[in-house]
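Here are some exercises to work through with the structure open beside you. Try each task before you read its solution.

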Amino acid sequence: MNQQASALVTAADISRLAGVTRATVSNWRRRHPDFPAPAGGTDTSPTYDLDAVRAWLFARGQLPDDTPADELRTALRSHPGDGELALHLLPAVVAAARLGRREREALPELSDDALLQWARSVAADGADDIPGIESPAYSADVAGPLRALVRCVVVDGAKAATDVLAERLLEDTAGTGTYPTPRPLADLMARLLTDSAGAFPASVLDPACGTGSLLAAAASAGATELRGQDVLVARAAQAAVRLRLSTPKAAISVRTGDSLRSDAFKGLTADAVLCNPPYGVREWGHEDLAYDQRWAYGVPPKGEPELAWVQHCLAHLAPRGRAVLLMPPAVAERTAGRRIRAQLVRDGALRAVVSLPQGAATPLHIGLHLWVLERPDPQAEAPGTVLLIDAAACENRDLDWAAIDDTVLSAWRSYLADQDGFTGAPGSAGAVPITDLLNEAVDLTPVRHIRTASRQALRPALLARQASELYDQLHQAARDLTGLGADGDWPPADDRPRDWRTATVADLLRGGALSFLRTAPAGRRTRSGQPLPQPGPELGGRPALTAADLMKNRPASGTEADLPTDTALPLIQESDVLLTEVLRVGHTAAARVVEPGEAGCFLGPHLLLFRPDRSRLDPWFLAGFLAAEQNLNAAATGTSIIRVDPRRLRVPLLPLAEQQRYGAAFRHLHELRTAARRADQAAEDITRLLSTGLTGGALLPHGHGSA
């Protein structure tokens, strides 16, 4: 039987198959008359014959090599009742992952009968631990998808196989207002649970767990008991499997159902709670739950579902237990919720509010907040302040999670260590007395309290010393810039620009003058560059160089959270040439050569690494021409997201001695740009500090004596 013959795929499937965005697929449909006609579905959601789509993509050179993950998607599409099948295959993923390497690699070679017998035996043991599965039955026609599944586990990893099954499970699911929590944000939320002594809570609950990212972050930080609930069976099942794969020794319990209306853990007291509650869901049960015992701080108005989640989380905490929730910023100021906010502040249940930059999590156009809550101890005195942190000041086009983490965690840890003596950080953090918050509005928005620094928090002598140090930095940066800008003698060419014979990167790769590496997303092989061996090296605490690091010309600041799992991870070497993969409107691409002290870190996603043969190519010459604007524009692909196709970039064919002269010039320009950025940053820092000191009364203008 040809499994692909009757398979129909959606536009989302085509985008995954080709490794492009949904917008690109839509453009193909509109602009290319030969794009395959719909073979099913509806006018608004058509489906297409898989064979016809693959043939069209292949003819255009847009079809990447098949991976086992792609084969599994096709096998699921070809099977009747593929949604239910995807759910019932999840126990097989966990069972295959627990086998030793040799046993696991032998699974795809078993006969159909033997493979089905293995699946039936392991499913009986693991089904009870996965929500929505009662008694999975594997009939004979499941052998094909089952074989594709175990092959995907063997080659791409159990997580990749789980994600493919989850894709199918969630396709026909209506939106619930729940969005995934990005890994860096999940890690930050988990670290906020650590107490002042550095201990992490043992038991953690997530009442809106989604696919389990927050619970996985808690497990990585040290939690040993993980409990989660989600309204969708598909997401709860995916969370259960992912947690069992990543933390096999933890005690895990994941349930289904609406946590507010039907709490699966009623009566549970946890050490901590992490939660990214549904966004903008007004039908949350306001009428049915009007007299619920959880509303210790007031009955939540219908338009304040987030305050219902806040009290639900507090109800599940032991005294002094802590919760961290991701909240829309409007919750901090809406009129309808001011009485509940006031009671949370008055009783000491709200310990901190953190404003995040736009883009930190979906919805990306909103700067979300983190609320840190603590269930009050009846025997302890209520705290007199609330910590407010404005991490939105770290905002830029590329989120700098290292800076965000440092801003938030340094302030939080200092506040925990000495709440009475905490002086804050001007412009970014402050301990606000509860009497200042309990006004008519009870507005908890951090920027409205801490960007206007309190006079008591400013220390004149310290600000004066910091200003002096920043002036020294500015003067040094200005001297460096002046020295680099002194050489303006750049002789013209002849009457017409030079005309070079060029070669593409693809030509240089074939000729051995160059090799190309990248950190590709898990489960996807591309035609660009050379395939990397599996598995990748162990992290071992090495940092990762991110696209933001390259754009800002700074050392590697990424962590394990910035790297994909189940894929090879290249190490950066001296003289490698690095180039950003994604082009942004109004910005030039960043490219530079790796210096000796930068070698040894991992290459992060969305970066292109070119490793030249030094006897044939000068690294800085290569970097300069690869990053040329006209070169990048000619090699760009895509519409909504513009990416560089590295194989189409062109490089002049020049003798090595002449390359080195161009390379020295390009290096000089790189140093000039770096010095200019340092001077600009120093000027920005000193301007902000002096403005804070002058407007706060801590510093005096020139010509004034001490008052």
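**Exercise 1. Work out how helix 22 and helix 24 are oriented towards each other in this predicted model.**

Solution. Start with the angle: helix 22 (residues 619-626) and helix 24 pack at about 65°. Their axes lie 7 Å apart. Next, apply the cut-off: angles of 65 to 115 degrees count as roughly perpendicular. Helix 22 and helix 24 are therefore roughly perpendicular to each other. Last, look at the handedness: helix 22 passes helix 24 in a left-handed crossing.

**Exercise 2. Now describe how helix 19 packs against helix 24, and sort the residues of the contact by class.**

Solution. First find the two elements: helix 19 covers residues 460-484 and helix 24 covers residues 656-695. They pack at an angle of about 155°, and 8 Å separates their axes. Because angles over 145 degrees count as roughly antiparallel, helix 19 is roughly antiparallel to helix 24. The crossing of helix 19 past helix 24 is left-handed. Finally, sort the contact between helix 19 and helix 24: there are 17 nonpolar residues, along with four polar and four charged ones.

**Exercise 3. Trace the four-stranded open sheet and say which strands stand at its edges.**

Solution. Begin with the order, which is 14-20-16-18, with antiparallel pairing. Then check the ends: strand 14 (514-517) and strand 18 (591-593) each have a single partner strand, so one side of each is left without a neighbour in the sheet. Ignoring direction, neighbouring strands of this sheet are turned by 20° against each other on average. Now zoom in on one pair: strand 16 (residues 577-580) runs antiparallel to strand 18, and three bridges join them. You can find Leu-579 opposite Ala-591 in strand 18.

**Exercise 4. Do the same for the nine-stranded open sheet, and pick out a parallel pair.**

Solution. Read off the order as 6-5-4-7-8-10-9-11-12; here the pairing is mixed. At the edges you will find strand 6 (251-256) and strand 12 (429-433), each of which pairs on one side only. From one strand to the next, the twist averages 15°. For the parallel pair, take strand 9 (residues 350-355) and strand 11 (residues 385-390), which are linked by four bridges. Within that pair, Ser-355 faces Asp-390 of strand 11.

**Exercise 5. How many cavities of 30 Å³ or more does the structure hold, and what lines the largest cavity?**

Solution. Count them: there are three cavities of 30 Å³ or more. The largest cavity contains about 120 Å³ of space. Its lining is made up of Val-9, Asp-13, Arg-16, Leu-17, Leu-50, Asp-70, Arg-73, Thr-74 and Arg-77. To place these residues, turn to helix 1 (11-18) and helix 4 (68-77), each of which supplies at least two residues of the lining. Helix 4 gives the most, with four residues. Sorted by class, the lining of the largest cavity has five charged, three nonpolar and one polar residues.

**Exercise 6. Which residues lie nearest the centre of the second largest cavity?**

Solution. The second largest cavity has about 80 Å³ of space and is lined by 13 residues. Of these, Asn-276, Pro-277, Tyr-279, Leu-326 and Pro-328 lie nearest its centre. The class count for the lining of the second largest cavity is nine nonpolar, three polar and one charged.

Terms used:
Residues numbered from 1 in each chain as written. Predicted model: local features only at pLDDT ≥ 70, side-chain atom pairs only at ≥ 80, totals over all residues. Heavy atoms only, no water. Axes fitted to C-alpha atoms, helices over the stretch in contact; angles between N-to-C directions. Parallel < 35°, antiparallel > 145°, perpendicular 65-115°, else oblique. Left-handed = near helix turned anticlockwise from the far one by under 90°. Nonpolar A, V, L, I, M, F, W, Y, C, P; charged D, E, K, R; others polar. Pairing = 2+ DSSP bridges. 1 Å grid on protein atoms, 1.4 Å probe; cavity = no way out; pocket = protein on both sides within 12 Å on 5 of 7 lines; lining within 4 Å. Points joined across faces, edges and corners; volume = space filled by probe spheres on them.
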